[in-house]
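Take a look at the model below. We will walk through it piece by piece, starting at the ligand and then following the chain.

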Amino acid sequence: MDSKIIVALDYETEAEALNLVEQIDPSLCRLKVGKEMFTTLGTNFVKQLQERKFDVFLDLKFHDIPNTVARAVRSAADLGVWMVDLHASGGLRMMEEAKNILEPYGKDAPLLIGVTVLTSMEDLDLLQIGINASPMEQVIRLAHLTQRAGLDGVVCSPQEVEILRRNLGPDFKLVTPGIRPVGAEFGDQRRVMTPSAAVRSGSDYLVIGRPITQAENPAEVLRSINASLTNI
Ligand SMILES: O=C(O)c1cc(=O)[nH]c(=O)n1[C@@H]1O[C@H](COP(=O)(O)O)[C@@H](O)[C@H]1O
């Protein structure tokens, strides 16, 4: 089975994260290492997950001048991660330099993904930072820019997937956090959808954190979400 689920390993400690990892295998999901665990544990943690044969999405959302971002992306490629991301709002030149630096890696290069508008943001959040567009409009604009830069896909909310799929073609990867099973708490997320609705809309990968990591039995919740996605 090639699961569409990427579990966001947003735990405070290595022990908590490994407790989940030890109960599952790479056919059930890929794993995302984000700012919290990477800042605490660094590359050794990523390597531990890779030794267990998990594909790792290094989610550090790079956003800096083009030279700095490109070099950080190269470090991620040297680490052998499966996917790495940057903020598309860093601009076209930043994304192009990041893409170009991966050329020597050929088919071993990580998937390079642009974050459009964070799934925690809605109209007012954009207005407050001077963006007078709806999340949908801004996501569409940044996704086109990301594709123009030659990246492999974008992070967006599942609510934008249908229109992006139509506009950007079948091969452009659409990675969607903001996933909430029926009845789950939204927390800080705003633009959300259930796992099955997201897949039906055309998401390639579902990033799921708290609904799994904060559950009493995370491995069981992961299995049941996987089961809900078969035959879609
Ligand atoms: O790049 C991401 O993964 C990301 C982008 C985004 O727009 N929204 C978003 O929630 N994420 C990440 O996806 C995960 C979502 O976690 P939960 O809200 O707990 O399911 C977190 O690790 C976020 O850092």
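Which residues come nearest to the ligand? They are Ala8, Leu118, Pro177, Gly209 and Arg210, out of 18 residues around the ligand. A residue counts as near a molecule or strand if its C-beta atom, placed from the backbone, lies within 6 Å of it. Some elements give two or more residues to this shell: strand 3 (56–62), strand 8 (205–208) and helix 9 (210–213). Helices (H or I, at least four residues) and strands (E, at least two) are DSSP runs, numbered from the N terminus. The shell mixes eight nonpolar, five polar and five charged residues. Here Ala, Val, Leu, Ile, Met, Phe, Trp, Tyr, Cys and Pro count as nonpolar, Asp, Glu, Lys and Arg as charged, and the others, Gly among them, as polar.

Two notes before going on. Residues are numbered from 1 along each chain as its sequence is written. The model is predicted: local features need pLDDT of at least 70, side-chain atom pairs count only at pLDDT 80 or more, and totals for chains, interfaces and linings use all residues.

Now start at strand 1 (residues 5–8). Strand 1 pairs with strand 2 in the parallel sense, over three bridges. Two strands pair if DSSP finds at least two bridges between them. Find Ile6, and you find its bridge partner in strand 2, Arg30. Between the two strands comes helix 1 (residues 14–21), and the three elements make a right-handed β-α-β unit. To check the hand, point the strands away from you: a crossover is right-handed if the path from the first strand over the helix to the second runs clockwise.

Stop at Glu12, in the loop between strand 1 and helix 1. Is Glu12 buried or exposed? Glu12 is exposed, because it has 10 other C-beta atoms within 10 Å. The rule is a count of other C-beta atoms within 10 Å of a residue's own: 20 or more means buried, 12 or fewer means exposed, and anything in between is partly exposed, with C-beta atoms placed from the backbone. Thr40 is 28 residues away from Glu12 along the chain, but their C-alpha atoms are separated by 8.4 Å.

Strand 2 (residues 30–33) is covered on both faces. Arg30 and Lys32 on one side are buried, and so are Leu31 and Val33 on the other. Strand 2 also pairs with strand 3, again parallel and over three bridges. There, Leu31 stands opposite Val56. The chain gets from strand 2 to strand 3 through helix 2 (residues 35–51), in a right-handed β-α-β crossover.

On the way, look at Lys53, in the loop between helix 2 and strand 3. Lys53 is not a glycine, yet it has a positive phi of about 75°. With 9 other C-beta atoms within 10 Å, Lys53 is exposed.

Strand 3 brings us to an annotation. The unreviewed UniProt entry marks Asp59, Lys61 and Asp64 as "active site". Such annotations may be inferred rather than shown by experiment; feature names are shortened and positions follow the numbering used here. Where do these residues sit? Asp59 is in strand 3. Asp59 is buried, because 25 other C-beta atoms lie within 10 Å. Leaving aside neighbours within four places in sequence, Asp59 is in contact with Lys32, Val33, Gly34 and Asp85. Contact means that the C-beta atoms of two residues, placed from the backbone, lie within 7 Å. Lys61 is in strand 3 too. Its phi is positive, near 40°, in a residue other than glycine. Lys61 is partly exposed, with 17 other C-beta atoms within 10 Å. Asp64 lies in the loop between strand 3 and helix 3 (66–79). Asp64 is partly exposed, with 14 other C-beta atoms within 10 Å. Beyond its neighbours within four places in sequence, Asp64 is in contact with Val69 and Gly90.

Move on to strand 6 (residues 153–155). Strand 6 and strand 7 (residues 173–176) pair in the parallel sense over three bridges. Val155 has Val175 in strand 7 as its bridge partner. The link runs through helix 7 (residues 161–168), and this β-α-β crossover is right-handed.

Strand 7 pairs with strand 8 as well, in the parallel sense over two bridges. Thr176 stands opposite Leu206 in strand 8. The chain crosses between these strands through helix 8 (residues 195–201), in a right-handed β-α-β crossover. That returns us to the ligand: strand 8 is one of the elements giving two or more residues to its shell.
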